[in-house]
Amino acid sequence: MQSLAKGVSGRTGQVLQRRLLGYAHQELAETLRVSPSTVRVLLHRPRQQLKASDEVPA
């Protein structure tokens with residue numbers, strides 16, 4: 001999972017890496033100076049990409 005985080009760039013990569021280190025959503029928001037809703041959105045994107053890559057057409 002950490003290798004995935006390193007492959008993600010920009011703000012999303014920063015949020016994902018810190019989340020994997022155990023930071024809470026509120027801590028991430030304060031550290032990166034963004035809103036908690038922005039943190040949720042930034043974490044949602046890689047999760048959706050993982051789901052899409054796991055789905056194999058029948």
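In which hand does H2 pass H3 at their crossing? In this predicted model, the crossing of H2 past H3 is right-handed. The contact behind this crossing is formed from the H2 side by Arg 11, Gln 14, Val 15, Arg 18 and Arg 19, and from the H3 side by His 25, Leu 28, Thr 31 and Leu 32. Sorted by class, the residues joining H2 to H3 comprise three nonpolar, three polar and three charged residues.

The setting of this helix pair is a protein with four helices and zero strands, and the order of elements along the sequence reads α-α-α-α. The protein has 58 residues, of which 22% count as buried. When contacts between residues at least 6 apart in sequence are considered, 31% of them join residues at least 24 apart.

Packed helices are generally described by two quantities, the angle between their axes and the distance between those axes. For helix H2, which spans residues 10-20, and helix H3, which spans residues 25-32, the packing angle is about 135° and the axes lie 10 Å apart. Because angles over 145 degrees would be needed for a roughly antiparallel arrangement, and 65 to 115 degrees for a roughly perpendicular one, H2 and H3 are classed as oblique to each other.

The burial pattern of H2 was examined next. Thr 12, Gly 13, Val 15 and Leu 16 are the buried residues of H2, and, viewed down the helix axis, they fall within an arc of 165°, so that they line one face of H2. An α-helix has 3.6 residues a turn, and therefore residues three or four places apart point the same way.

Two of these buried positions can be described in further detail. Val 15, which lies in helix H2, has a relative accessible area of 0% and is therefore buried. Leaving aside residues up to four places away in sequence, Val 15 touches Leu 28, Leu 32, Val 39, Leu 42 and Leu 43; of these partners, Leu 28 and Leu 32 also belong to the H3 side of the contact between H2 and H3. The C-alpha atom of Val 15 is separated by 9.9 Å from that of Thr 38, a residue 23 places away along the chain. Thr 12, likewise placed in helix H2, counts as buried because its relative accessibility is 12%, which falls under the 20% limit for burial. With residues up to four places away in sequence again excluded, Thr 12 touches Leu 42, Arg 45 and Pro 46.

The segment that joins the two helices was then considered. H2 is followed by Gly 22, for which phi is positive, near 110°. Tyr 23 is found in the loop between H2 and H3, and with a relative accessibility of 31% it counts as partly exposed. Beyond residues up to four places away in sequence, Tyr 23 touches Arg 18, Leu 28 and Thr 31, and each of these three residues is also listed in the contact of H2 with H3.

In H3, the buried residues are Leu 28, Ala 29 and Leu 32. Seen down the axis of H3, these residues fall within an arc of 100°, and they therefore line one face of the helix. Leu 28 and Leu 32 are thus buried residues of H3 that are also touched by Val 15 of H2.

What sign does phi take at Arg 33, the residue that follows H3? The phi of Arg 33 is positive, near 60°, although Arg 33 is not a glycine. Most residues other than glycine have a negative phi. Arg 33 is found in the loop between H3 and helix H4, the latter covering residues 36-54, and at 77% relative accessibility Arg 33 counts as exposed.

Terms used: Residues numbered from 1 in each chain as written. Predicted model: local features only at pLDDT ≥ 70, side-chain atom pairs only at ≥ 80, totals over all residues. Heavy atoms only, no water. Axes fitted to C-alpha atoms, helices over the stretch in contact; angles between N-to-C directions. Helix = DSSP H or I, 4+ residues; strand = E, 2+ residues; numbered from the N terminus. Parallel < 35°, antiparallel > 145°, perpendicular 65-115°, else oblique. Left-handed = near helix turned anticlockwise from the far one by under 90°. Contact = heavy atoms within 4.5 Å. Nonpolar A, V, L, I, M, F, W, Y, C, P; charged D, E, K, R; others polar. Buried < 20%, exposed > 50% of the residue type's maximum accessible area, 1.4 Å probe, protein only. Arc of directions from axis to C-beta.
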